[in-house]
Amino acid sequence: MLTQLTHDRATLSRRGWLAAAAGLVLGLASSPFSPAKAADDTIKVGVLHSLSGTMAISETTLKDTILFLIDEQNKKGGVLGKKLEAVVVDPASNWPLFAEKARELITKDKVAVVFGCWTSVSRKSVLPVFKELNNILFYPVQYEGEESERNVFYTGAAPNQQAIPAVDYLMKDEKVKRWVLAGTDYVYPRTTNKILEAYLKSKGVKQEDIMINYTPFGHSDWQTIVADIKKFGSAGKKTAVVSTINGDANVPFYKELGNQGIKATDIPVVAFSVGEEELAGIDTKPLVGHLAAWNYFESIKTPANEKFIKDWQAYTKNPKRVTNDPMEAHYIGFNMWVKAVEKAKSTDPDKVIDALPGIEAPNLTGGVSKMLPNHHITKPVFIGEIKGNGQFDVVWKTPGLVAGDAWSKELEGSKDLIGDWVGKKCGNWNTKTNKCGGQGS
Amino acid sequence: MSGHFLDRFRALFLSVVLIASFALPAFAGTFEDAVAKFANDEFSDTEAAIEAVASSGNPLAFPIISALQEERLSADPESKKVFITQADGKIIDAATGAAVDKLPDNAAPVRLNNRLRRTVEAALGSLTLLSPDPAKRVAAAQSVFKSHDENSLSVVEGALAKETDRAAKQAFTEARAAIILFKSDASDNDKLDAVSVIKSHGDQEALALLTSAGPDQPPLVAQAITGAIASIQSNLAMWSAVQNAWYGLSLGSVLLLAAIGLAITFGVMGVINMAHGEMVMLGAYTTFVVQEVIRSRYPGLFDYSLLIAVPLAFLVAGGIGVLIERSIIRFLYGRPLETLLATWGLSLVLQQAVRTVFGPTNREVGNPSWMSGAFELGQITITYNRLWILCFTLAVFAILLAMLRYTALGLEMRAVTQNRRMAASMGIATSRVDALTFGLGSGIAGIAGVALSQIDNVSPNLGQSYIIDSFMVVVFGGVGNLWGTLVGAFTLGIANKFLEPVAGAVLGKIAILVLIILFIQKRPRGLFALKGRAVEA
């Protein structure tokens, strides 16, 4: 496998001029970030976020976030007396390219750590590379769980840190009895909806009160589905929509909701993938009251958050630039990595991986998040309502921080599993059989 | 709500208070305490305050609650004072009505959540039942219909007795029926009447009301409710077929709009133009730029922004189209594979260029007021933006057809595409016509972008989501035939919308693709194949 790959690369380099020419023609050459010459007095930090293609809409901001955090850290003197240096690559929303670029970052640029990926499929694509070359990936986005890997640190929310508390809120506070689970057709919504369906049934919700609906990526004609939701909601029981609709499809979905006159007071929609960035493209006045569940909102007033927003807007020279949840996840993850490196007094991945569990770093909402042995972190959960100005108003939050579960308690087959890289050195330890291994091994 | 209305309202308010105070417990004396609760910034306290204020009979109740709904009510958490910012910008103390110079520095708007918004709507409903404006009375009656709050019964009945406006009378009758249906001590006969009134209302809201009233009713009433539900459901099922047809037309119009430009560049000229979607995207970004300029310089023109954007988008996309034809495509005529690769590369270049200039995130393109909202036609909801897009598409199609048929340029285009050498020997400058034809196709794609910006994301990826569908429509309809494109688009749209409720959006789309593959096997030239020598040329 490896020899074959090396061979391929040799062939590629012989045709280097051709590739370069093609790259230029296609406008894909992103020269401003080409890696500089290796210098021994810097620590290299890899940034693996798509800057072109479909996911650029979300991931470009995260690239900027890491550059911003590195800049701030360097102002404080860097780490272990060395300056940090970002190596930015563009995997172009192309899943196999993610693996290729990850390999390039680790073998060619010799980065100490990589911050990157957005979609689960891109994370799955780079996983073998990180295992094989033994490096560290910080993954900042809420995901479907069911994973705990030695080389990956998950700073976004697991389902029990976003989906379940949101459903609890709707059940208790809005007295919702009927549920529409609407999502884009890929792994995150499918798994999350499976978890939610099991959870709702465990709370006594009947099958006929749950409607599950999937749509293709980038779906733009929502007329039928919104009409279906309206119909489903007219059964005399309070109805809510739990939306795992991804990225681009959200704007036409919300526009259709607004135009068909579905107000949040009638059928509230709680979304797991809609943040400040996504709302920047819509007029939010018809959407006031629809909900989102995150671990961070820009509108949360804490001194740390106010400073972060101010510095971020100064760094990007854009006083309107918004912040969002995955950015906070990178903020926490980056600071945890810095602390772990300082604790281990080395950037050696093995030492840093061992140092990370137990590391605490302040989050932006006034708490202190902690890296857990399963490589997930503790976070508070907030429910926010959309306001007329495109921001969120927090209407509910968990009393304390919620520990991220790598394996969902709701799903058959994963409820006995735990991830523990400290004691058991295993990502899928089965507590029933006391053995390492099981689903996902 | 206008200040003018508030004034008129105050004059009438006393009479409301008189009627309301019979039905509602009075909270005189505690009014100020109730108002102060708004300052606690706790949802439960706000809810208690709304209920106390709404039932207080105090003339300030209506201004307070409507200010709350419109986020004009602010509270100072320290002094527990609550203020109303009136529509004219003046500020008054909510508890006393006394004028105040300015808001204290730490006063913040009183926050609401969905539960409270419902409480506010219900409270406003019962407070505006006697409004002098019939439309307001109808809205109020409808909100009572939804909340069926027993306390409003006497007010509703009082209003009903005096009502002269037909629509308002109907709304009051229905509101009264809703209350009686849920009133535990109403007689069976009253309830039966109520069921039949609600049944004749006949929409999904009525269905929801009847379904939730179902349990613990006397047997006779329960039976009537079951019957009413069944009849409403069968009625709605019939309407849902009409609804699917409308959705199909609407989807078809979007497909058609995206595909017309391609029907020219690919259909008429035979250029496999993968950058077609990016022309649509450029049109959408032109709309964005136009709106930005209007927002900052001439805010009054916002409702005309789309009309201004249409010719500009045509010029921008058309101009770039001509440029592309002159600089790239003209060297590649007759080499479809190279054209495909070159235009695909071009589409990536354009996307990245837009991403660099405008940033990767979505841009907000607002909907002018005439593009927002919906109206009810029978039991289906028709949204204005979809309706306008359908009209717009048909207009663009008609203009294009007329242009090809009746103008000199149209004649030359047809001549060149049918027989290039013959046309050239008749003295037509074929290369000029090629450039103009490609420009025309691109320009129309740009116009499509203006319309699509109203329903979709304005992002660098906008074009990608339409390119496949556009090719599908053109190939299905028959390459080279505009009428084929029209019929193809509407056939696909309607088929898709009738499949979607049965198979789901994902499977529906797959089914359509499979059907097209089968169809193309049978008729490789599409629905309306061109015949004659032109095809062989």
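Colleague: As I understand the term, a helix is a DSSP run of H or I of at least four residues, numbered from the N terminus. With that in mind, what phi does His148(B) take just after H6(B)?

Modeller: In this predicted model, His148(B) takes a positive phi of about 30 degrees. That residue comes just after H6(B).

Colleague: And the helix itself: why does the distance between the end C-alpha atoms of H6(B) agree with its 14 residues?

Modeller: Helix H6 of chain B covers residues 134-147, and at 1.5 Å a residue it should span 20 Å. The end C-alpha atoms are 20 Å apart, so the expected span and the model agree.

Colleague: Which residues of H6(B) are buried?

Modeller: They are Arg137(B), Ala140(B), Ala141(B), Ser143(B), Val144(B), Phe145(B) and Ser147(B). As background, an α-helix has 3.6 residues a turn, so residues three or four places apart point the same way.

Colleague: What do those buried residues pack against?

Modeller: The buried residues of H6(B) pack against three helices of chain B: H5 (114-127), H7 (153-162) and H8 (166-182).

Colleague: Stepping back, how many helices and strands does chain B have?

Modeller: Chain B has 21 helices and seven strands. Of its 537 residues, 47% are buried. Contacts between residues 24 or more positions apart make up 69% of those with a separation of 6 or more.

Colleague: What is the radius of gyration of chain B, set beside that of a compact globule?

Modeller: Chain B has 31 Å, whereas a compact globule of 537 residues would have a value near 24 Å. Along the principal axes, the C-alpha atoms of chain B fill a box of roughly 95 × 60 × 35 Å.

Colleague: Now the sheet: what is the strand order?

Modeller: The order is S4-S3-S2-S1-S5 in chain B, an open sheet of five strands with antiparallel pairing. Its edge strands are S4 (99-100) and S5 (108-109), each pairing on one side only.

Colleague: How many bridges join S1 to S5 in chain B?

Modeller: Two bridges join S1 (residues 73-76) to S5(B), and the two strands run antiparallel. Ser74(B) has Pro109(B), in S5(B), as its bridge partner.

Colleague: Last topic: how many residues of chain A are in contact with chain B?

Modeller: There are 50 residues of chain A in contact with 51 of chain B. On the side of chain A that touches chain B, H8(A) gives the most, with seven residues. By class, that side has 17 nonpolar, 19 polar and 14 charged residues.

Note on methods. Residues numbered from 1 in each chain as written. Chains lettered and ligands numbered in written order. Predicted model: local features only at pLDDT ≥ 70, side-chain atom pairs only at ≥ 80, totals over all residues. Rg over C-alpha atoms; globule rule 2.2 N^0.38 Å. Buried ≥ 20, exposed ≤ 12 C-beta atoms within 10 Å, placed from the backbone. Contact = placed C-beta atoms within 7 Å. Expected span 1.5 Å × (residues − 1). Nonpolar A, V, L, I, M, F, W, Y, C, P; charged D, E, K, R; others polar. Pairing = 2+ DSSP bridges.
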